[in-house]
Amino acid sequence: MKLKNALLSATVLAACMFGSASAAELVVGFSQIGSESGWRAAETTVTKQEAEKRGVDLKFSDAQQKQENQIKALRSFVAQGVNAIFLAPVVETGWDDVLKEAKEAEIPVILLDRTIKAPDDLYLTAVTSDQVHEGKVAGEWLVKNAGDKKCNIVELQGTTGSSPAIARKKGFEVALAGHDNFKIVRSQTGDFTRAKGKEVMESFLKAENGGKDICALYAHNDDMAVGGIQAIKEAGLKPGKDILVVSIDAVPDIFQAMAAGEANATVELTPNMAGPAFDVLDAYLTDKKEPPKWIQTESKLYTPADDPMKVYEAKKGLGY
Ligand code: GZL
């Protein structure tokens, strides 16, 4: 296996160095988590577009939210002798063994949009946002805009054990520190989906005096926020007014909600993690120089002051 991969990499390397490579010789296996949210769907669309642009042969695998399916896919990519692997890891732990197999086969692995708890020599780099910062920006907006009255917050967390759920919770709590009138009174996973977000928000509303005791909803992604907005309306309350709504991703639907006065703030996460990943892979295959272990993507706060319908129009065709 090692000899075969060495020959394949040498061929690609030589071809890249002498310019005769069409990157079509590059075969990349992509283990995607699933399609749990609009943002995830956009990331898949953009990754396929970026591969197409570069003539890369992308082997795509949808894990349907299951880590065991991602591990199976990675083993299959190793068996196929791909040149590189992209992995969007559903949770932070449980990757060491399969990543050791990829390392043994000398196949570089790049993490997309989430990080893992593993020795960092088991992956080439991680292309992600600063997820603690995202949570902090969301919390700072709320502290600044909810006034100085008591503000009881309900939180819809992302997938349990995933790096964004852990980091976005941490960042939000950092922003609330020292502001004793702000308190998270209920917090539960909505698994980054609209349906689960609605279901959990319904239980929060019932548990908090029909929602009258809730000042704000913080959702770790817009899909859960949109589900929560539906539940708030069905409870006879006004999302965006009776209950402030803050979330992360900046998918088109949250801008429609913002334009309708039903959402208050979102922190943008680019779905284009693959562009920087392909660029760093090209450079690595050419000069074998180790890139930095983290390539950070930008985060940007959007509120109704940012012409939400204009942003909606600009984003809606991007594969969400
Ligand atoms: C965060 C990413 C999250 C998105 C969700 O980097 O992993 O996963 O915020 C998606 O929409 O489910």
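A polar contact here is a pair of N or O atoms within 3.5 Å. Keep that cut-off at hand as we explore the ligand site of this predicted model.

**Exercise 1.** Find out how far an N or O atom in the side chain of Gln 131 is from an oxygen atom of the ligand, and decide whether to call the pair a polar contact.

*Solution.* Start with the distance: the Gln 131 side chain places an N or O atom 3.2 Å from a ligand oxygen. Next, apply the cut-off of 3.5 Å: the pair counts as a polar contact. Now try two further side chains. Asn 221 has an N or O atom 3.0 Å from an oxygen of the ligand, and for a polar atom of Arg 40 the distance is 2.9 Å. Finally, look at cover: the protein hides 100% of the 320 Å² that the ligand would have accessible on its own.

**Exercise 2.** Work out where the ligand lies relative to domain 1 and domain 2.

*Solution.* First, sort the shell residues: 4 are nonpolar, 3 polar and 6 charged. Then look at helices: α2 (38-54) and α6 (163-176) each contribute at least two shell residues. Last, turn to the domains: domain 1 (2-129 + 271-289) and domain 2 (131-269 + 304-318) both give residues to the shell, so the ligand lies between them.

How values were computed. Residues numbered from 1 in each chain as written. Predicted model: local features only at pLDDT ≥ 70, side-chain atom pairs only at ≥ 80, totals over all residues. Heavy atoms only, no water. Polar contact = N/O pair within 3.5 Å; in protein donor to acceptor, adjacent residues only side chain to side chain. Areas by Shrake-Rupley, 256 points an atom, 1.4 Å probe, with all protein chains shown as cover. Helix = DSSP H or I, 4+ residues; strand = E, 2+ residues; numbered from the N terminus. Nonpolar A, V, L, I, M, F, W, Y, C, P; charged D, E, K, R; others polar. Domains from an automatic or database assignment.
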